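Visitor: I've got a model to walk through with you. Could you take me round it, one question at a time?

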Amino acid sequence: MKAAITSIIGEFQDKGWDFDPHERTLELVTTHPGAALELGRRVIEQLPQGPTFYQDALSWLREEEWPVLVEHALAVLESDPENEAAAFAIAAASLQALPSLHPHLERIFHLAPNRDSYYAEWPWRESGASSLPFLRNLLDHSPPRPGDHRRAFQCLLETRDPEALAEALARSTQVLRPRFPGDSAGDPEDHLQEVGYTGADGDLQPLYPAVVRHLVFPDGYLPDPGPAWLQRHHPTWHLDPRGAPPLRFGGAADGNCAVCGGGLCHLLTLEPDTSQFGVSGLPSLSLAFCLPCLGWEEPVLYYRHGENGEPFSLGESRGEEPREAHPVLQPAEIRLADGGPRWRWQDWGLTNSRQNLHRVGGYPCWIQSAEYPECPGCGGLMRFLLQLDSGLPLENGDELSWGSGGIAYFHWCDACRISACLLQDT
């Protein structure tokens with residue numbers, strides 16, 4: 001194993017990307033226990049730029065190995081703050097292994113790995129109120145470095161702990177001040193929504209279900225992703241849906257789009273237990289959308305649902321002649337699988353198209369800033385329900401890319417029984 005790691009690192013040092021190490025690395029970490037940890041430590045020491053084959057390999061670290069890699073990465077960062085491979089280990093742990101970071105939060109704050117990234121404060125997720133005294137102390141005193149007040153505020157938000165969120169809101173006037181002329185410090189509500197909450201007035205409410213389930217598609221359903229490094233080897237593509245009922249996915253939906261008059265595409269029918277995702281009083285929930293309208297003609301599409309959960313399109317007609325045929329998703333039976341705590345947190349940018357981001361529930365993998373639409377029925381913010389990544393097959397043989405390789409997000413207002421869909425891309 002060690003000889004194989006030495007060979008992979010050595011060839012990459014000599015040849016760069018003229019040598020493709022992905023397949024050899026994958027075979028190594030999936031067949032040799034401990035190989036992912038040894039490779040991780042060696043790359044941090046010898047390839048500080050943190051190449052993607054190393055980033056992929058961390059997904060095969062065993063749970064008990066994460067604290068070892070985290071400690072090694074932090075020790076390296078203390079002497080080499082610019083080591084990108086060590087910083088990435090902290091970022092990956094903040095998605096896959098949060099408990100391995102929580103004993104080191106004060107150390108992480110001072111070392112500030114990934115300081116200028118959007119994921120710098122993610123290590124505080126799920127840490128509860130245990131770090132509150134440290135963060136409160138930072139906010140009560142002049143920071144040793146510029147920006148530490150703002151960072152401590154963001155750490156409080158990332159905990160998603162009610163006491164820490166209340167503390168952050170109480171400090172928002174102190175922290176969210178313009179830093180220079182013309183600076184928009186931001187509304188506290190906007191900052192709350194970035195971590196999936198609403199209620200800057202004090203009535204804090206989550207905007208996403210705690211339960212997360214990944215979609216498992218039939219073999220051969222998804223189009224070939226292309227290059228070897230994009231093949232679906234990641235563990236999230238191989239979750240076990242044993243015992244989960246088959247669910248209808250894709251095909252045509254009954255009814256027409258209120259905006260363009262064309263037929264609707266059926267997305268997914270959730271049943272029988274929809275309550276775990278925040279849908280109450282319905283035996284099932286069928287979601288639909290109009291592909292030609294979504295994103296191109298309308299930023300958000302809305303649907304009211306009847307007693308049986310079927311969707312009815314809402315919106316103002318443009319008075320156009322309806323298209324003869326709208327593209328619809330290739331129909332299939334799918335199942336939902338529980339990926340456990342390891343894959344509860346995922347991110348569009350850091351996955352680099354290699355993980356399964358087709359999910360129901362959980363915190364959304366936003367491509368841009370958080371975006372929770374207002375319900376046209378009651379005016380309240382709608383809760384996130386599910387997301388679908390690009391790369392789905394259409395019945396006409398094309399591939400659905402949600403704009404430019406984006407993600408479609410579906411939201412739900414339980415009081416009004418209205419669903420909404422929107423997309424984000426680059």
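Visitor: Let's start with Glu65: is it buried or exposed?
Guide: Glu65 lies in the loop between helix H4 (52–57) and helix H5 (66–79); helices here are DSSP runs of H or I with at least four residues, strands are E runs of at least two, and both are numbered from the N terminus. Buried means under 20% relative accessible area, exposed over 50%, and partly exposed in between, with a 1.4 Å probe and protein chains only. Glu65 has a relative accessible area of 5%, so it's buried.

Visitor: Before we go on, what kind of model is this?
Guide: Residues are numbered from 1 along each chain as its sequence is written, and side-chain values use heavy atoms, with hydrogens and water left out. Local features need pLDDT of at least 70, side-chain atom pairs count only at pLDDT 80 or more, and totals for chains, interfaces and linings use all residues, as the model is predicted.

Visitor: How many Å separate the C-alpha atoms of Glu65 and His266?
Guide: Along the chain, Glu65 and His266 are 201 residues apart. In space, their C-alpha atoms are separated by 43 Å.

Visitor: Which residues of H1 are buried?
Guide: Helix H1 (residues 2–15) has 14 residues and spans 20 Å from first C-alpha to last, close to the expected 20 Å (1.5 Å times one less than its number of residues). Looking down the axis of H1, the buried residues fall within an arc of 90 degrees (taken from the directions from the helix axis to the C-beta atoms), so they line one face. On the other side, Ala3 and Asp14 are exposed. The buried ones are Ile5, Ile8, Ile9 and Phe12.

Visitor: What's opposite His214 in S10?
Guide: His214 takes us to strand S3 (residues 212–216), where four of the five residues are buried, so the strand is largely enclosed by the rest of the structure. S3 pairs antiparallel with strand S10 (residues 332–337) over three bridges; strands pair if DSSP finds at least two bridges between them. S3 also runs antiparallel to strand S11 (residues 359–361), again with three bridges, and there His214 has Arg359 as its bridge partner. In S10, the residue opposite His214 is Ala337.

Visitor: Which side chain does the side chain of His191 contact?
Guide: His191 is in helix H11 (residues 188–194), and its 16% relative accessibility counts as buried. A polar contact is a pair of N or O atoms within 3.5 Å; within protein, one must be able to donate a hydrogen and the other to accept it, and residues adjacent in sequence count only if both atoms are side-chain atoms. At 3.1 Å, the partner is the side chain of Gln154.

Visitor: How many degrees lie between the planes of Phe217 and Phe249?
Guide: The structure holds 18 aromatic pairs: Phe, Tyr or Trp rings (the six-membered one for Trp) with centres within 6.5 Å, stacked under 30 degrees, edge-to-face over 60 and tilted for the rest. Phe217, in the loop between S3 and strand S4 (247–249), meets Phe249 of S4, 32 residues apart. Both Phe217 and Phe249 are buried. Their centres are 5.5 Å apart and the pair is edge-to-face, at 75 degrees.

Visitor: How far is Arg160 from the ring centre of Tyr363?
Guide: A charge sits over a ring if NZ of Lys or CZ of Arg is within 6 Å of the ring centre and within 35 degrees of the ring normal. Arg160 lies over the face of Tyr363, and its distance from the ring centre is 4.8 Å.
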